[in-house]
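Visitor: I should like to learn how to read the features of a model such as this one. May we take them one at a time?

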Amino acid sequence: MKIDIIIVYIPRYVRGHEKNFVPPLTGIHLAALTPPAHTVRVIHQQVEAVKLDTDADVIALSFFSGFAPEAYRLAAEYRRRGKVVIGGGPHVTFNAAEAMLHCDAIVVGETESVWVGLLNDIETGRLKQEYHGGPCDMRDLPTPRYDLLPRQFFITRVVQATRGCPFTCSFCSVPQLNPGFRTRLVSDVLRDVQYNRFRHWWQRKIVWFWDDNLTVKRDYAKQLLSALIPQRKWWLSQASMDIARDPELLELMRRSGCIGIFFGIESFTTESLADAHKPQNKSAMYRNQIRALHDRGICVMAGLISGFDPDRPATIRDMAKQLYDAGVDVPFLSVLTPFPGTPVYQKYQAAGRILEDRGWEFYNGYNVAFQPKEMTPEELLEAHRDLWREAFSLRYSLKRIVRAFFTLRWGAFLMCAFMNSFYCLKAMRDNLPRSFVKDNPYREKQDRFMPGWNPVPIKTPADRLEEMEMTK
Ligand code: B12
Ligand code: SF4
């Protein structure tokens, strides 16, 4: 059987990406789980056009919520061409009834336990509409099919060592999506780390752990990092800020080649951190916590979210300076999004604060899909765009690069310089995050670069409900 795995994507910037940095792990992992009797291809819509006329028998679509409209458009096209369409991923997991309207079958949850059975069911004509995959025990997971990655991605070795996170941040679906905290055998992780058939030296050198929170179990993390030392790699991952209090772990991170850690800082105000259910973050400590990583030459990437209940336009705009002063090397700036499966979704749903006239395309991390407390949705969007422009202005980007030159180790500096230049170039070219509201202040610019671009009629939650009623 021929299977096309498509990682669905809608450009999140008005002019798309100048450079495609890191690939998703999902497609090449699913491909590795697929028995060799099948022919499998992985298509990343972020970098390559999706062919509707394909010789594949099965189309597997993986998508985040913001890309659901495009996924459903593709599903309809493929089903019209007689293909079997399977859906999976975070959006499908929390919107099973909706996804089943568009796909022949869906997988809710983690796929490892059901994927091979599902493919057998297709072959024997017994495909069910819904499969439920429980949390995988992470034993014997194969090395991802790196050989199937397209050339366009700059970094290629993405690895997962653990799944899950014990925290319960209000905006995050990980605790529901990947319950518990599970680890792979260190020897299995090393096998992926040792895969070296990549084209460029930096692709062989860099390991990007796509974990939710790599350092949760300290014993495990220390064992893994000790095993990494002789591999002489440069690695990056996500972790919580409490690692700054563990000098033994920090030292192992340095020795094993850590060049970057992503912290979910989220906000600088105590009230907003409380609203985010993130009491473990204390803004008064950010500077020292970040310094603990800088002392080991490690680049600090940080996620900041605009739109918590106590936020106001001025507190959002202030973050450009605050994040620089705190020592952040590379900021990632999102708008609070009530993704299904998160506590914030339930809260806004119950309070009638989800904006019912906004479709899933608003759920891409850069748009407003809810009624903020202290401002209008338009004010939130505008404050975010101002923050984005200011944080990635030439002045701040250069300041961060210069500071990194004097603080970070070589690999970490390169990473910091590359990522800041990437975003600064976007800001200089006015390549802003896309906005979908019809009267958005950036519409004119957006339309100039992507004339008439709108792959599907925008569907609202009310339309979706109606659709479901009709098919009952
Ligand atoms: C790594 C990661 C990233 C990376 C890589 C992105 C990418 N495209 O893969 C980066 C940092 C770039 C990123 C960015 C974003 N991310 Co992210 N990310 C993750 C993270 C931590 C791990 C995903 C992963 O690789 N898992 C390992 C692989 C092997 O498994 P998997 O993808 O989970 O898939 C499993 C199942 O879902 C299933 N499955 C998945 N697809 C399919 C398809 C089929 C057909 C089948 C059968 C099964 C199946 O099988 C897999 C194995 O069990 C998750 C959290 C999480 N725990 O999932 C968030 C997560 C996926 N991200 C999320 C979000 C919101 C974003 C951003 C929008 C954030 C932002 N504000 O900008 C951006 C979007 C960027 C983009 N390119 O689209 C949300 C998605 C929520 C949603 N409902 O859509 C998550 C769940 C975190 C959260 N906040 O709740 N992200
Ligand atoms: S945002 Fe990070 S720390 Fe919070 S629950 Fe999600 S993965 Fe864990």
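Visitor: Which residues surround ligand 1 most closely?

Guide: A residue is near a molecule if its C-beta atom, placed from the backbone, lies within 6 Å of it. In this predicted model, 31 residues surround ligand 1, and the closest are P24, S62, F64, G88 and G365. Two or more residues each come from α1 (26-33), β3 (58-62), β4 (84-88), α3 (90-94) and α6 (174-177); helices (H or I, at least four residues) and strands (E, at least two) are DSSP runs, numbered from the N terminus. Residues are numbered from 1 along each chain as its sequence is written, and chains are lettered from A and ligands numbered from 1 in the order in which they are written. Because the model is predicted, local features need pLDDT of at least 70 and side-chain atom pairs count only at pLDDT 80 or more, while totals for chains, interfaces and linings use all residues.

Visitor: Which domains contribute to the shell around ligand 1?

Guide: Domain bounds come from an automatic or database domain assignment. That assignment gives domain 1 (2-133) and domain 2 (158-428), and the shell draws at least three residues from each.

Visitor: How many residues of domain 1 are in contact with domain 2?

Guide: Two residues are in contact if their C-beta atoms, placed from the backbone, lie within 7 Å. Here 17 residues of domain 1 are in contact with 20 residues of domain 2. On the domain 1 side, α2 (68-80) and α3 give two or more residues each, and the largest share, three residues, comes from α3.

Visitor: In what order do the six strands of the open sheet lie?

Guide: Strands of a sheet pair through backbone hydrogen bonds, either parallel or antiparallel. Two strands are counted as a pair if DSSP finds at least two bridges between them. In this case the order is β7-β10-β11-β12-β13-β14, with parallel pairing. Both β7 and β14 (330-335) are edge strands with a single partner, so one side of each lacks a neighbour in the sheet. Within the sheet, β12 (258-266) and β13 (299-306) are joined over six bridges, and G260 has C299 of β13 as its bridge partner.

Visitor: Is D430 buried, exposed or partly exposed, and where is it?

Guide: A residue is buried if 20 or more other C-beta atoms lie within 10 Å of its own, exposed if 12 or fewer, and partly exposed in between; C-beta atoms are placed from the backbone. D430 has 13 such neighbours and therefore counts as partly exposed. D430 lies in the loop between α17 (410-428) and α18 (443-449), and its phi is positive, about 60 degrees, although D430 is not a glycine.
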